[in-house]
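Take a walk through this fold, one element at a time. Keep the sequence beside the model as you read.

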Amino acid sequence: MSFLISAAHAAPAAGPTTGILPNILMIVVFVAIFYFLIWRPQAKRAKEHRTLIESLGVGSEVVFAGGLMGKVTKIEGDYAVVELSRGVEVKIQRASVISVLPEGTLNNL
């Protein structure tokens, strides 16, 4: 019966194994990709948001996380009192401010 089945041939002997240098180089490349594509841009956005929050002052026109817009009337530590319309004030966390609008934007809406 062996004449119907060809004999299996063993694979050629494996060549010498590669050193550790290509493995280390691959890890370094992955770390560099992670740094430049994920970590660095996120840190830059966080720094910009931190400077935006520190620059808030009375009279700043802001948009905060709920999508509401208003004018800052008081700063109380980590909180700000925002006037949404005449007589309507809310207290928000300063960290929830998404952007500061140019002066006069609320009057034009």
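Which residues of β1 are buried on one side, and which on the other? Glu61 and Val63 are buried on one side of β1, and Val62 and Phe64 are buried on the other. Both faces of the strand are therefore covered. In a regular strand, side chains alternate between the two faces of the sheet. Buried here means under 20% relative accessible area, exposed means over 50%, and partly exposed is in between (1.4 Å probe, protein chains only).

A word on the model. It is predicted: local features need pLDDT of at least 70, side-chain atom pairs count only at pLDDT 80 or more, and totals for chains, interfaces and linings use all residues. Residues are numbered from 1 along each chain as its sequence is written, and side-chain values use heavy atoms, with hydrogens and water left out.

Start with the strands. Helices (H or I, at least four residues) and strands (E, at least two) are DSSP runs, numbered from the N terminus. Two strands pair if DSSP finds at least two bridges between them. Strand β1 covers residues 61–64, and strand β2 covers residues 69–76. The two are antiparallel, with 3 bridges. Glu61 has Lys71 in β2 as its bridge partner. The hairpin of β1 and β2 has 4 residues between the strands. There, Gly67 takes a positive phi near 90 degrees.

Now follow β2 onward. Strand β3 (residues 79–85) runs antiparallel to β2, and 5 bridges join them. Val72 has Val82 in β3 as its bridge partner. This hairpin has 2 residues between its strands. Gly77, in the turn, has a positive phi of about 65 degrees.

Return to β1 for another partner. Strand β5 (residues 97–101) is joined to β1 by 4 bridges, again in the antiparallel sense. Val62 of β1 stands opposite Val100 in β5.

Next, step back along the chain. Ser60 sits in the loop between α1 and β1. Ser60 is buried because its relative accessible area is 12%. A polar atom of the Ser60 side chain lies 3.0 Å from the backbone oxygen of Gly57.

The helix comes next. Helix α1 spans residues 21–54 and holds Phe30. At 54% relative accessibility, Phe30 is exposed. Phe30 also belongs to a nonpolar surface patch. The patch has about 1200 Å² of accessible area together, and its members include Leu25, Met26, Val29, Ile33 and Phe34. Patches are made of residues with over 30% relative accessible area and no salt bridge; like charges are joined within 9 Å, and nonpolar side chains (Val, Leu, Ile, Met, Phe, Trp, Tyr) within 5 Å. Accessible areas come from the Shrake-Rupley method with a 1.4 Å probe, and for residues only the protein chains shown count as cover.

Tyr35, Phe36 and Trp39 are also among the patch members. What links them into a cluster? Ring pairs do. A pair of aromatic rings is described by the distance of the centres and the angle of the planes. Rings of Phe, Tyr and Trp (its six-membered ring) pair if their centres lie within 6.5 Å; planes under 30 degrees apart count as stacked, over 60 as edge-to-face and the rest as tilted. The count comes to 2 aromatic pairs. Tyr35 and Phe36 have ring centres 5.0 Å apart and planes at 80 degrees, so this pair is edge-to-face. Tyr35 and Trp39 also form an edge-to-face pair, at 5.6 Å centre to centre and 80 degrees between the planes. Tyr35 and Trp39 are about one helical turn apart, because 4 residues separate them in helix α1. Tyr35 is partly exposed at 34%, Phe36 is partly exposed at 48%, and Trp39 is exposed at 55%.

Finish with the charges. Side chains of opposite charge can pair when their charged atoms come close. A salt bridge is a side-chain nitrogen of Lys or Arg within 4 Å of a carboxyl oxygen of Asp or Glu. The whole structure has 2 salt bridges. Glu76 meets Lys74 at 3.9 Å, N to O. Lys91 forms a salt bridge with Glu76, with the closest N and O atoms 2.9 Å apart. That pair links distant parts of the chain: Lys91 lies in strand β4 (residues 88–93) and Glu76 in strand β2, 15 residues apart. Lys74, Glu76 and Lys91 are thus linked in a network of salt bridges. Glu76 is partly exposed at 31%, Lys74 is partly exposed at 43%, and Lys91 is exposed at 55%.

Key: A polar contact is a pair of N or O atoms within 3.5 Å; within protein, one must be able to donate a hydrogen and the other to accept it, and residues adjacent in sequence count only if both atoms are side-chain atoms.
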